[in-house]
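Subject: Structure for you to look at

Hello,

Here is the structure I promised to hand over. Please open it and keep it in view while you read my notes below.

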Amino acid sequence: MASTSTSSSSSSSWTPIKLTSSDGKTFELKQEFVNKANMLKQMLADLGYSEEEGNYPDEGIPLPSVAGEALEKIVEWLTLHEAEDPKTDDYRQMHRFNRNVKKEDVTLFDKCFPRPKLANVINAAYYLEMPDLIDTLIKYTANNLEGKTAEQMSTWLEIPLKKDEKKKEAEDEGEGGSTEKRERVDNA
């Protein structure tokens, strides 16, 4: 089992919040990180846990929709942005056209290769309702796709184009069709 933890600079002892991914990996988060994940914040509040009382559960909170690899990237992102407060909706609305992404975020997300790993991080961010991370991921993806042709986008995203799929299907059918014709000719 993987365990990720960071130490708090403001106090020598801190009680981590444990999260367990769908593949059984356990991660330890600082309590402050919960404020950046609305789903976790709401879940803990619904279960009677609060940051004020510091009475978070001892056992890991299961996240059946989040794989360990994606959760690891999210914990890394949270650690990179530890000193930042969650941004408000008004702030995000005012800065929605600003597509600047911090270099450390670019470096982190560039490691999400092959691209389905990046998709898993995006899905996990949406599942955990992390608007700041979602905003960063959208900008990162948009910056990497801007000005590219459909073929280049397809290559970057590692998704085949529809026309490529149709060509492949036609080639597959063409090969099968010619085999059938050969069989008919051979039997005649």
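The largest pocket holds about 320 Å³ of space. Keep in mind that this is a predicted model.

Who lines that pocket? The lining of the largest pocket is made by 16 residues. Nearest its centre lie K87, N100, D135, T136 and K139. Two elements give two or more residues each to this lining: α3 (89-94) and α6 (131-145). The largest share comes from α6, with four residues. By class, the lining has eight charged residues, five polar ones and three nonpolar ones.

Now to the aromatic rings. A general point comes ahead of the numbers: a pair of aromatic rings is described by the distance of the centres and the angle of the planes.

How many aromatic pairs does the structure hold? There are two.

One pair is F109 with Y140. The ring centres of F109 and Y140 are 5.5 Å apart, and their planes meet at 55°. That pair is tilted. F109 sits in helix α4 (residues 103-110) and Y140 in helix α6, so this contact ties together parts that are 31 residues apart in sequence.

Are these two residues buried or exposed? F109 is buried, at 0% relative accessibility. Y140 is buried too, with a relative accessible area of 2%.

Y140 also pairs with W156. Here the centres are 6.1 Å apart, with 55° between the planes. This pair is tilted as well. W156 belongs to helix α7 (residues 150-157) and Y140 to helix α6, so the pair joins parts that are 16 residues apart in sequence.

What about W156 itself? W156 has a relative accessible area of 12%. The cut-off for buried is under 20%, so W156 counts as buried.

Put the pairs together and you get a cluster: F109, Y140 and W156 are linked by ring pairs. Y140 takes part in both the pair with F109 and the pair with W156.

One more item concerns W156. Which residue lies over the face of W156? R115 does, at 4.1 Å from the ring centre.

When you go through the model, start with K87, N100, D135, T136 and K139 for the pocket. Then move to F109, Y140 and W156 for the ring cluster.

Best wishes

Terms used:
Residues numbered from 1 in each chain as written. Predicted model: local features only at pLDDT ≥ 70, side-chain atom pairs only at ≥ 80, totals over all residues. Heavy atoms only, no water. 1 Å grid on protein atoms, 1.4 Å probe; cavity = no way out; pocket = protein on both sides within 12 Å on 5 of 7 lines; lining within 4 Å. Points joined across faces, edges and corners; volume = space filled by probe spheres on them. Nonpolar A, V, L, I, M, F, W, Y, C, P; charged D, E, K, R; others polar. Phe/Tyr/Trp six-rings, centres within 6.5 Å; stacked < 30°, edge-to-face > 60°. Buried < 20%, exposed > 50% of the residue type's maximum accessible area, 1.4 Å probe, protein only. Lys NZ or Arg CZ within 6 Å of the ring centre and 35° of its normal.
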